[in-house]
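Subject: Structure handover

Hello,

Here is the structure I said I would pass on. Please look it over before reading my notes underneath.

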Amino acid sequence: MSQDNSSRVTEFILLGLSDTRELQLLFFTLFLLAYTMVLLGNLLIIVTVRTDPKLSSPMYFLLCNLSFIDICYTSITAPRVLVALLSGHKAIAFEGCMAQLFFLHFVGSSEMFLLTVMAFDRYTAICRPLHYTAIMARRACWALVAACWAGGFIHSFVQTVLMLQLPFCGPNTIHSYFCDVPPVIRLACANTALTEWLMVSNSGLISLGCFLVLVASYALILAKVWACVSQGNWKALSTCASHVMAITLLFMPCIFTYLRPAGTLPPSKYVSVIYTILSPMMNPLIYTLRSSEVKESMWRLWKR
């Protein structure tokens with residue numbers, strides 16, 4: 001970004017979720033409880049998986065990485081929101097806004113790719129059990145996780161570069177509680193039609209593409225389970241149903257937010273709460289704590 005453009009707007013004002021003090025205190029309490037649950041739930045999963053040799057399968061390796069991503073993802077927005085709700089300080093520097101946008105998309109898209117890898121892991125385990133050990137070897141798991149992070153970095157780098165090319169010289173009020181592409185791009189002092197469509201093809205198509213791949217993989221799993229009904233397969237059916245609920249909770253708000261130009265519909269800051277706070281809070285319950293192996297390992301860890 002040129003020096004002329006960067007000197008025009010030095011900070012943005014995040015309006016948050018409400019201007020009413022009573023509602024701000026209510027939102028502070030809810031966000032604090034949710035953030036605490038995200039930290040404690042995901043840290044418990046990481047410690048449990050790392051300390052129990054029985055949880056060494058690729059599935060738990062990927063779940064451990066998912067918990068780490070959820071902690072990072074929520075920590076990008078939640079602490080600043082809590083400080084703003086408590087102190088009333090809503091300003092964020094231009095550089096801080098761009099950094100928050102970069103890391104939000106970096107970690108968020110990495111989580112989408114990781115969920116796709118996890119669906120492939122479940123497909124391999126259920127539909128190709130004899131080849132599962134060879135396909136999902138530890139080296140392959142590390143390579144897949146590294147590819148998720150690399151894909152997230154490339155996506156976010158492109159997104160941030162597109163944002164830095166825009167001039168910001170007018171209003172600096174963001175109708176949200178964090179910096180994201182749709183509300184920030186509305187403040188640009190230029191015609192952003194081309195940039196908006198590039199954003200749609202970047203964030204929107206990634207969200208939609210990963211969601212369709214996930215739905216297709218779970219459809220194949222369900223078809224396999226339906227063909228061979230047994231007690232074990234009914235457990236797999238229940239697991240798949242909970243996973244589909246989790247990915248719907250994450251992907252549908254993202255598709256609604258990013259798969260359209262920023263000027264077509266007003267941004268909904270309340271929709272953002274679903275994929276920045278609610279989804280990371282629900283992931284430990286849906287993906288891990290329903291597993292009897294994990295609960296037994298947690299109980300052993302507690303007794304130690």
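The notes below go from the overall fold to the cores and then to one helix pair.

This is a predicted model, in which local features need pLDDT of at least 70 and side-chain atom pairs count only at pLDDT 80 or more, while totals for chains, interfaces and linings use all residues. Residues are numbered from 1 along each chain as its sequence is written, and side-chain values use heavy atoms, with hydrogens and water left out.

Overall fold. The protein chain has eleven helices and three strands (DSSP runs numbered from the N terminus: H or I of at least four residues for helices, E of at least two for strands). Their order along the sequence is α-β-α-α-β-α-α-α-β-α-α-α-α-α. Of the 304 residues in the protein chain, 50% are buried (under 20% relative accessible area; exposed is over 50%, partly exposed in between, with a 1.4 Å probe and protein chains only). Taking contacts (heavy atoms within 4.5 Å) between residues at least 6 apart in sequence, 82% join residues at least 24 apart.

Cores. The largest nonpolar core (buried Ala, Val, Leu, Ile, Met, Phe, Trp, Tyr and Cys residues joined through side-chain atoms within 4.5 Å) holds 64 residues, and F31, L62, L114, L115, M118, F251 and Y287 touch the most other members. Helices that each supply at least two residues of this core include α2 (21–51), α3 (58–87), α4 (94–127) and α6. The most comes from α3, with 14 residues. Another core, of 20 residues, lies apart from it; V9, F94, M98 and V181 are among them. Leaving aside residues up to four places away in sequence, L114 touches L62, N65, L66, I69, V145 and C148.

Helix α6 and its partner. The 27 residues of α6 (residues 138–164) should span 39 Å at 1.5 Å a residue, and the end C-alpha atoms are 39 Å apart, which agrees (the expected span is 1.5 Å times one less than the number of residues). Among the buried residues of α6 are C141, V145, C148 and G152. α3 and α6 pack at an angle of about 25 degrees, with their axes 10 Å apart (lines fitted to C-alpha atoms over the stretch in contact, angles from 0 to 180 degrees between N-to-C directions). The two helices, α3 and α6, are therefore roughly parallel to each other (angles under 35 degrees). On the α3 side the contact includes P58, F61 and L62, and on the α6 side R138, C141 and W142.

Regards

Notes. Parallel < 35°, antiparallel > 145°, perpendicular 65-115°, else oblique.
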